[in-house]
Amino acid sequence: MNFNTFLRHLREGCKNVFRNGWMSIASITSIVVSLFVLGVFILLVVNVNQLADDVDSTVEIRTYLNLDVDEKMRETINTEIGLMPEVSKVTFISKEQGLLEFSEGLGEDGKALLEGFDNDNNPLPDTLVVEVIEAKTVPQVADKISALNEVHPESPIMKVNYGEGAVEKLFKITRAVRNIGFIFVAVLGVMSMFLISNTIRVTILARRREIGIQKLVGATNSFIRWPFFIEGALIGGIGSLATVGILILGYDQLIQAISKDITLGLTLVPLADIWLLISTLLLAIGILIGIWGSTVSIRKFLKV
């Protein structure tokens, strides 16, 4: 196909969009409604995923050292934990700082429980708070830290605590939430494809006589098919752009409304972080479905 022929197909495809005004509007409306529902679920999944990541990131490992561990051994353990590839940060909390934080956590009513304790008879141990790069490696890192007692004859580590049992349940819940969200989006995506393609099929069905006449006067299948491809892509693109505009505008208004009400304690993923993903994804889906719907629908009418 040469360039002039392509321009002719492009011109005919554009004309067809306007020539079949109400049918084009029906197809575009179908695309907008279907992609809007799909887009809302994608935004929901993105935010739920972010929330799950935030929950996972709060998990940390507390390593309590024995009371007789000296500063040199403490530095050695700190360095060995910091060198583990899964670890992102190690924070040392001295027994004095731990006593102060514990006292503040108890509040005024609980301070009587700590009466008589000071730095000389502090019962709390030195603590290393370990943060990991990926939350799912917490149990594995905790085991590696506990194993350091086998390396050092002094067994400097008293206890390793990361909420064993509760953390595994938390990870299962967040993983299930993510998987359910992705399944919903996939199902909605397939439903949108069939809904939109059926709408386009009805549009082409109304023009079967036009296709039949073109076949009778000797037009090739490719010559007939190309304007429908372009028409499908245009309808899909217009519907996608309208959907993206509505979604971005609505999401921006939602972010502003939530940010004004601090009592909700809810933070959505910033629009700047997801607008490109949503726009590209919906635009690609809209155009591909438009072309696919036209291709599938016109195939049977070309067998004249």
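## Close-up views of a predicted model

**View 1. Four strands make an open sheet.** In this predicted model, the strands line up in the order 2-3-1-4 to form an open sheet, and their pairing is antiparallel. Strand 2 (87-93) and strand 4 (157-161) stand at the edges; each has a single partner strand, so one side of each is left without a neighbour in the sheet. Going from one strand to the next, the twist averages 20°.

**View 2. Strand 1 meets strand 3.** Let us step inside the sheet. Here residues 61-65, which make up strand 1, pair with residues 127-132 of strand 3. Four bridges link the two strands, in the antiparallel sense. Which residue of strand 3 stands opposite tyrosine 64? Look for threonine 127.

**View 3. Two helices lie across the strands.** Helix 3 (residues 71-82) lies across strand 1, strand 2 and strand 3. Its direction is about 160° to strand 2. Helix 5 (residues 138-146) lies across strand 1, strand 2, strand 3 and strand 4. Helix 5 runs at about 10° to strand 1.

**View 4. A charge sits over a ring.** Find arginine 74 and phenylalanine 92 for this view. The charged end of arginine 74 sits over the ring of phenylalanine 92, and the distance to the ring centre is 4.0 Å. How many aromatic pairs does a search of the whole structure find? The count is zero.

**View 5. Asparagine 66 and its contacts.** The loop between strand 1 and helix 3 holds asparagine 66. This residue is partly exposed: its relative accessible area is 22%, and the cut-off for buried is under 20%. Leaving aside residues up to four places away in sequence, asparagine 66 touches Ser155, Pro156, Ile157 and Met158. Now compare sequence and space for asparagine 66 and lysine 159: they are 93 residues apart in sequence, yet their C-alpha atoms lie 8.4 Å apart.

**View 6. Spans annotated as transmembrane.** An unreviewed UniProt entry carries the annotation "transmembrane region" for residues 21-46, 180-205, 226-251 and 274-293. Two of these spans are shown here. Residues 21-46 are 100% helix and 0% strand in the model, with 36 Å between the end C-alpha atoms. For residues 226-251, the end C-alpha atoms lie 37 Å apart, and this span is likewise 100% helix and 0% strand.

How values were computed. Residues are numbered from 1 along each chain as its sequence is written. This is a predicted model: local features need pLDDT of at least 70, side-chain atom pairs count only at pLDDT 80 or more; totals for chains, interfaces and linings use all residues. Side-chain values use heavy atoms; hydrogens and water are left out. Rings of Phe, Tyr and Trp (its six-membered ring) pair if their centres lie within 6.5 Å; planes under 30 degrees apart count as stacked, over 60 as edge-to-face and the rest as tilted. A charge sits over a ring if NZ of Lys or CZ of Arg is within 6 Å of the ring centre and within 35 degrees of the ring normal. Two strands pair if DSSP finds at least two bridges between them. Axes are lines fitted to C-alpha atoms, for helices over the stretch in contact, and angles run from 0 to 180 degrees between N-to-C directions. Contact means heavy atoms within 4.5 Å. UniProt positions are given in the numbering used here, feature names are shortened, and annotations may be inferred rather than shown by experiment. Buried means under 20% relative accessible area, exposed over 50%, partly exposed in between (1.4 Å probe, protein chains only).
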